[in-house]
Amino acid sequence: MHIAFARKRTLGSWLIRLATWSRWSHCAVLDGDHVIDATFALGVARRRMTDWASEYPDHCVLHVPVPAEQAAKEWLRQQVGKAYDWSAVLGFIARADWADDESWFCSEMVEAAIRAGGRHRVRADVSRVTPELVWTITPDPVVLTEAHV
């Protein structure tokens with residue numbers, strides 16, 4: 001499965017990277033020439049990769065092996081239209097589990113999709129997963145594309 005990692009040149013992106021000690025503030029899953037991601041403004045959405053890349057000029061795409069990639073993508077498509085998971089983000093800050101299966105934040109959704117595809121990479125609840133953790137637990141990542149990084 002192809003996972004895109006990104007950052008913007010905005011205060012919000014910088015604050016997320018600072019709080020999570022990360023190079024990245026956002027991640028998404030590629031679905032053909034589209035991406036599926038979860039953002040503050042859109043919730044879970046499927047949009048063209050070209051539109052996404054113009055919003056996130058600094059990005060990198062990695063391949064993450066998943067046993068049942070089609071199952072993972074079908075699960076992801078079922079999430080489109082769900083809300084952004086503000087409660088899990090606040091729970092992350094408060095160190096509480098306020099995750100909700102009817103809403104997602106970006107890295108939580110990406111790791112849940114990887115699990116839906118048959119690969120369990122973290123022992124903890126996926127609501128504790130940051131873009132940095134998704135990035136670092138990918139062994140020997142194969143970088144497929146990089147832009148402005």
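**Questions about a predicted fold**

Biologist: Why is Ala-38 called buried?

Modeller: Its relative accessible area is 1%. Buried means under 20%, so Ala-38 qualifies. Bear in mind that this is a predicted model.

Biologist: Where is Ala-38 found?

Modeller: Ala-38 lies in strand β3, residues 34–39.

Biologist: Which residues is Ala-38 in contact with, leaving aside neighbours within four places in sequence?

Modeller: Contact needs heavy atoms within 4.5 Å. By that rule Ala-38 touches His-26, Gly-43, Val-44, Tyr-84, Trp-104, Phe-105, Cys-106 and Met-109. There is also a C-alpha separation to note: Ala-38 and Asp-85 are 47 residues apart along the chain, with their C-alpha atoms 8.5 Å apart.

Biologist: What makes β3 largely enclosed by the rest of the structure?

Modeller: Six of its six residues are buried, so β3 is largely enclosed. In a regular strand, side chains alternate between the two faces of the sheet. Here both faces are covered. His-34, Ile-36 and Ala-38 are buried on one side. Val-35, Asp-37 and Thr-39 are buried on the other.

Biologist: And what makes β2 largely enclosed?

Modeller: The count for β2, residues 26–31, is six buried out of six, so this strand is largely enclosed too. On one side sit His-26, Ala-28 and Leu-30, and on the other Cys-27, Val-29 and Asp-31, all buried.

Biologist: How do you know that β2 and β3 pair?

Modeller: Pairing needs at least two bridges. Three bridges join β2 to β3, so they pair, and they run antiparallel. Leu-30 has Val-35 in β3 as its bridge partner. Val-29 stands opposite Ile-36. The two strands form a hairpin with two residues between them. In the turn, Gly-32 has a positive phi of about 70 degrees.

Biologist: What makes β3 and β4 a pair?

Modeller: Six bridges join β3 to strand β4, residues 43–48, so the rule of at least two is met. These strands run antiparallel. Ile-36 has Arg-46 in β4 as its bridge partner. This is a hairpin as well, with three residues between the strands.

Biologist: How many bridges join β1 to β2?

Modeller: Four bridges join β1, residues 2–7, to β2, and the strands run antiparallel. Ala-4 stands opposite Ala-28 there.

Biologist: How many disulfides does a search of the whole structure find?

Modeller: Zero. Take Cys-27: the nearest cysteine sulfur is that of Cys-106, 4.1 Å away. A disulfide needs the two sulfur atoms within 2.5 Å, so Cys-27 is in none.

Biologist: Are Cys-27 and Cys-60 buried or exposed?

Modeller: Cys-27 has a relative accessible area of 0%, so it counts as buried. Cys-60 is at 1% and counts as buried.

Biologist: What makes helix α5 mostly covered?

Modeller: Nine of its 11 residues, within 106–116, are buried. Among them are Cys-106, Met-109, Val-110 and Ile-114. Glu-108 and Glu-111 are also on the buried list. Just after α5, Gly-118 takes a positive phi of about 95 degrees.

Biologist: How many aromatic pairs does the count come to?

Modeller: Six. One of them joins Phe-5 and Trp-24, 6.3 Å centre to centre with 40 degrees between the planes. The centres must lie within 6.5 Å, and angles that are neither under 30 nor over 60 degrees count as tilted, so this is a tilted pair. Phe-5 is in β1, while Trp-24 is in the loop between α1 and β2, 19 residues apart. Both are buried.

Biologist: Why is the pair of Trp-52 and Tyr-56 called tilted?

Modeller: Their ring centres are 5.0 Å apart and their planes meet at 35 degrees, so tilted is the right label. Both residues are buried.

Biologist: What sits over the ring of Tyr-56?

Modeller: The charged end of Lys-8, 4.9 Å from the ring centre. The distance limit is 6 Å, so that part of the rule is met.

Biologist: Which residues form one aromatic cluster with Phe-5?

Modeller: Trp-24 and Trp-135.

Biologist: How many helices and strands are in the chain?

Modeller: Six helices and eight strands. Of the 149 residues, 49% count as buried.

Technical notes:
Residues are numbered from 1 along each chain as its sequence is written. This is a predicted model: local features need pLDDT of at least 70, side-chain atom pairs count only at pLDDT 80 or more; totals for chains, interfaces and linings use all residues. Side-chain values use heavy atoms; hydrogens and water are left out. Buried means under 20% relative accessible area, exposed over 50%, partly exposed in between (1.4 Å probe, protein chains only). A charge sits over a ring if NZ of Lys or CZ of Arg is within 6 Å of the ring centre and within 35 degrees of the ring normal.
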